[in-house]
Amino acid sequence: MPKDSGKTRNKASPRGFTRPKLRDAGGQRAPALLRAAPGVPTHPPNSPLPQTSIPLCNTEGRHRPLPRFDSQSPRLSLGLCAGLALAIASVSLPLNAQLATLDIKRLTLEELMEIDVYSAGRRLEPVHEVPSAIYVLTNEDIRRARVTSIPEALRLVPGVQVARVDANKWAVSIRGFNSRIANKLLVLIDGRSIYDPLFSGTLWESKDLMLEDVERIEVIRGPGGTLWGANAVNGVINIITKHARDTGGGLISAGAGTEERAFGAARYGWQPRDDQWVRVYAKSLARDTGFSPAGNAHDAIHMNRAGFRWDWDARGNDSLRVSGDVYSGEADQTNNNGTTQDVGHKGGNLLAHWRRQLSDTQNLSVQFYYDRIELDNLQFGEKRNTYDLEIQYGFTPTPRHHIVSGLGYRNTGDKIAGTAAGTLDPMRKTDRTESAFVQDTITLVPDHWRLTLGTKVESNDYSGVEWQPNARLAWTPDPQRIYWAAASGATRVPSRLEADLVIGGTRLGDDVRDETVRAYEFGHRRLVTSNLWYDIATFYNVYRHLLTTGPTTLSPLSNRADARTYGIEVASRWQATPSWRLDAAYTYLQMDVRLDAPNLTGAIGANKKENPHHQLTLRSAFDMTQNLEVDATLRFVDDLPAFDVPAYTTLDLGLGWFPRRDLELTLVGQNLLDGHHPEQRLVNPTTGVTTGTEVQRGVYAKVTWRF
Amino acid sequence: MRRSNELKKMTVGGALLMLAAALPAQTPAPPLEYQVKASYLFNFIRFITWPADVFTGDGKFNLCVVGAERFGNALNAFSGERTEGRTIMVHRLERPAQARASRCHLLFIAVGSGTGPLGIERGMLTVGETRGFLERGGIINLVETRGHIRFEIDRAAAEEAGLEVSSRLLSLALGRS
């Protein structure tokens with residue numbers, strides 16, 4: 001009986017989002033993506049191997065963190081004998097053949113939607129196979145953690161130290177050396193670096209985006225030198241936003257609370273033409289001051305931001321992305337001389353990224369961006385323009401080699417305003433950096449052994465030519481396990497502040513040189529069952545020429561400290577029931593800093609008493625009913641003796657309710673176990689003034705309407 | 001010297017050829033497109049709830065396909081697979097009209113298997129891959145845009161068939177009423 005087309009249909013389901021059932025939430029990409037369970041054939045052993053790919057990283061170009069895993073390609077067979085040999089091999093090694101075919105029982109809906117059934121040249125890169133200490137936070141992880149900023153989301157990642165300095169500032173680092181101006185970490189948003197070359201650190205208070213637009217955050221611990229360059233000494237954080245196709249329709253959210261005073265965001269996405277998608281957004285937030293024992297906290301913030309993203313996917317081979325943001329706001333602080341100020345932040349960026357699949361085995365991408373910062377800080381005002389161009393070329397010359405190579409040019413020009421107490425000389429400067437890199441992923445034994453070799457060479461205005469090599473070996477004895485080992489070297493180039501600092505008329509930075517690290521890592525990942533996996537990463541880092549200050553504030557800066565750090569990071573996820581998921585992340589860190597002379601001080605976090613030995617995060621996400629979600633995060637962080645910050649345990653609880661499919665109501669309590677607790681302080685060595693406030697217990701409520 | 005080299009090559013080549021002849025004829029792998037569609041079907045089974053009364057208690061989920069040749073052996077992966085407490089049985093049909101007799105829970109109608117209107121049967125999820133499948137009365141249609149396979153759902157038809165579609169599937173479906 002034919003359908004009655006006159007019947008009223010239900011309202012269109014809102015595009016882009018409705019609450020996913022917990023068991024479907026992606027999390028770490030299905031580790032068994034490529035894998036047949038042992039003993040269960042998915043395809044007859046002698047079927048030719050289809051080449052398929054799922055791009056893991058939306059930002060193509062150099063900032064693909066993952067080495068490529070090549071699988072046998074019968075299409076590249078060179079002659080009749082080679083082709084037959086391959087056929088024979090596939091008969092005699094049925095398990096190997098199955099390993100590289102699509103395991104269609106394990107693909108999730110999101111992965112299915114991303115498979116390009118046309119192009120055959122890209123590579124499958126599940127997180128499970130990456131020979132690095134990598135952790136991925138998905139959009140769902142971030143949503144269920146009920147966090148309101150990127151640094152808060154990073155607390156969930158093993159190996160990352162996040163300490164809140166005050167209501168608008170964080171100290172974030174990887175594997176030690178944490179400080180408000182931690183400088184051993186590179187952070188990228190869609191391939192655009194957001195660290196400030198003035199001091200090689202990241203000002204998190206103005207680096208904001210709609211968390212609903214984040215597709216995932218990839219955190220790679222360990223030197224990322226080869227693909228990303230100087231400053232990625234201890235790790236890289238790669239924040240990837242959603243393709244505009246995935247943010248169609250409208251979203252309006254608004255919330256208020258005791259600490260998260262008020263916040264709101266609106267976004268709208270549409271499809272102007274068949275192959276183009278656009279979204280625009282605007283957001284605003286205001287946060288309350290933290291707790292100060294003296295009652296004089298001055299650290300409120302309000303920040304506004306707006307931006308767009310435009311994606312064009314030409315049929316088959318070309319894709320182009322253009323995005324931009326502007327922001328403006330104020331972040332208050334107590335200066336280290338006891339006075340207060342409201343620091344103005346303003347800026348914007350424009351980025352274009354083009355990628356073309358040249359053939360089955362070659363791809364080319366070009367990225368250009370412009371970034372402007374205006375920092376109205378009385379102690380160090382900064383106006384900066386950055387231009388960055390990167391070209392990346394990837395190709396597979398033979399089935400066993402996949403090579404990624406690239407060229408980069410960066411031009412950053414600034415104008416710094418200081419005070420009589422401290423300034424920079426020269427006050428205006430333009431730094432240029434040229435770089436080239438190459439990385440080869442070699443399949444030694446297909447599906448078992450892979451070797452990645454690479455190096456980057458960079459030429460900059462401070463230290464001349466730097467080489468940053470990287471070698472990784474991966475062993476996958478069976479589809480459920482990987483063991484990997486790596487040795488790499490990386491460099492941190494002196495920041496503008498270090499090199500050009502003038503205090504009381506004296507230049508302090510003339511002797512400053514690069515810091516170097518040699519990192520030795522080992523890791524193991526295992527998919528125990530389809531509901532349980534764990535990941536262990538260990539490292540031993542040797543640092544030389546770490547920045548030191550002293551004996552007095554007028555002494556020239558020097559690089560007279562070495563350090564050895566080592567630690568273990570363990571992560572695990574257990575899908576206990578279809579409605580209940582548990583995550584755990586444990587970090588152990590040991591730092592041993594040796595100063596050349598006792599009257600020196602290790603600068604910028606180079607002090608074992610400024611970094612916690614142990615950190616533990618436990619997360620629970622529970623779907624109580626079809627429309628009710630209950631989430632909890634329990635965190636323990638060890639003490640920081642240098643700041644007199646004791647160890648703390650804290651708990652966040654969140655409740656999410658969907659009274660209608662397009663409406664989400666959230667109620668969240670944060671830092672519930674204590675009225676207030678400190679996490680990080682800044683102590684001025686000369687004045688003894690301590691700045692920084694304590695994190696307070698807080699509650700917020702939020703409404704999100706998707707249409 | 002050269003002659004013995006040539007002889008060697010011929011021997012090896014000949015041996016390989018004979019070996020090749022001994023191999024069973026290779027069935028070409030199903031095109032990627034149909035592997036993806038097969039995987040979609042599997043996901044639909046997982047994320048849709050059927051009314052309990054359409055199951056006979058033998059623990060079987062009947063997955064029926066009209067035009068199964070297109071899938072090659074991609075469907076073999078699911079035959080006998082257990083999910084949601086039931087075992088998937090793959091049935092290859094000639095025409096959609098045979099579906100009722102086979103007590104199909106999921107009926108996939110490949111392109112080229114007819115264009116007539118489809119009625120809505122209680123407990124039967126109809127999935128197609130042709131333009132206008134939903135207008136014909138189908139419940140889910142697999143469409144290809146820019147090289148990606150996506151799907152659209154007719155929610156009213158699903159409700160009429162007594163099927164409860166999870167919000168996850170709805171959120172990922174192409175915008176339609």
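Buried means under 20% relative accessible area, exposed means over 50%, and partly exposed is in between (1.4 Å probe, protein chains only). Keep that in mind for this predicted model, where local features need pLDDT of at least 70, side-chain atom pairs count only at pLDDT 80 or more, and totals for chains, interfaces and linings use all residues. Residues are numbered from 1 along each chain as its sequence is written, chains are lettered from A and ligands numbered from 1 in the order in which they are written, and side-chain values use heavy atoms, with hydrogens and water left out.

**Salt bridges**

A salt bridge here is a side-chain nitrogen of Lys or Arg within 4 Å of a carboxyl oxygen of Asp or Glu. By that rule you get 63 salt bridges over all chains. Helices (H or I, at least four residues) and strands (E, at least two) are DSSP runs, numbered from the N terminus. Here are three of the pairs:

| Pair | Closest N to O | Apart in sequence |
|---|---|---|
| A:R146 and A:D631 | 2.8 Å | 485 residues |
| A:D425 and A:R507 | 2.9 Å | 82 residues |
| A:R706 and A:E664 | 2.9 Å | 42 residues |

Where do A:R146 and A:D631 sit? A:R146 is in the loop between α4 (139–145) and α5 (150–154) of chain A, while A:D631 is in strand β30 (residues 628–637), so this salt bridge ties together parts that are 485 residues apart in sequence. Both A:R146 and A:D631 are buried.

The pair of A:R706 and A:E664 links strand β37 (residues 698–706) to strand β32 of chain A. A:R706 counts as buried at 6% relative accessibility, and A:E664 does too, at 3%.

Now for A:D425 and A:R507: are they buried or partly exposed? A:D425 is partly exposed, with a relative accessible area of 37%, and A:R507 is partly exposed at 31%. Both belong to a network of salt bridges whose members include A:D196, A:E382 and A:K429.

**Unusual backbone spots**

Most residues other than glycine have a negative phi, and most peptide bonds are trans. A few places in this chain go the other way. The peptide bond from A:D425 to A:P426 is cis, with omega near 5°, and A:P426 is in the loop between β17 (422–424) and β18 (428–445). Another cis bond joins A:G550 and A:P551, with omega about 0°.

A:F177 isn't a glycine, yet its phi is positive, near 60°. A:F177 is also buried, at 0% relative accessible area. A:N671 has a positive phi of about 55° and counts as buried at 10% relative accessibility.
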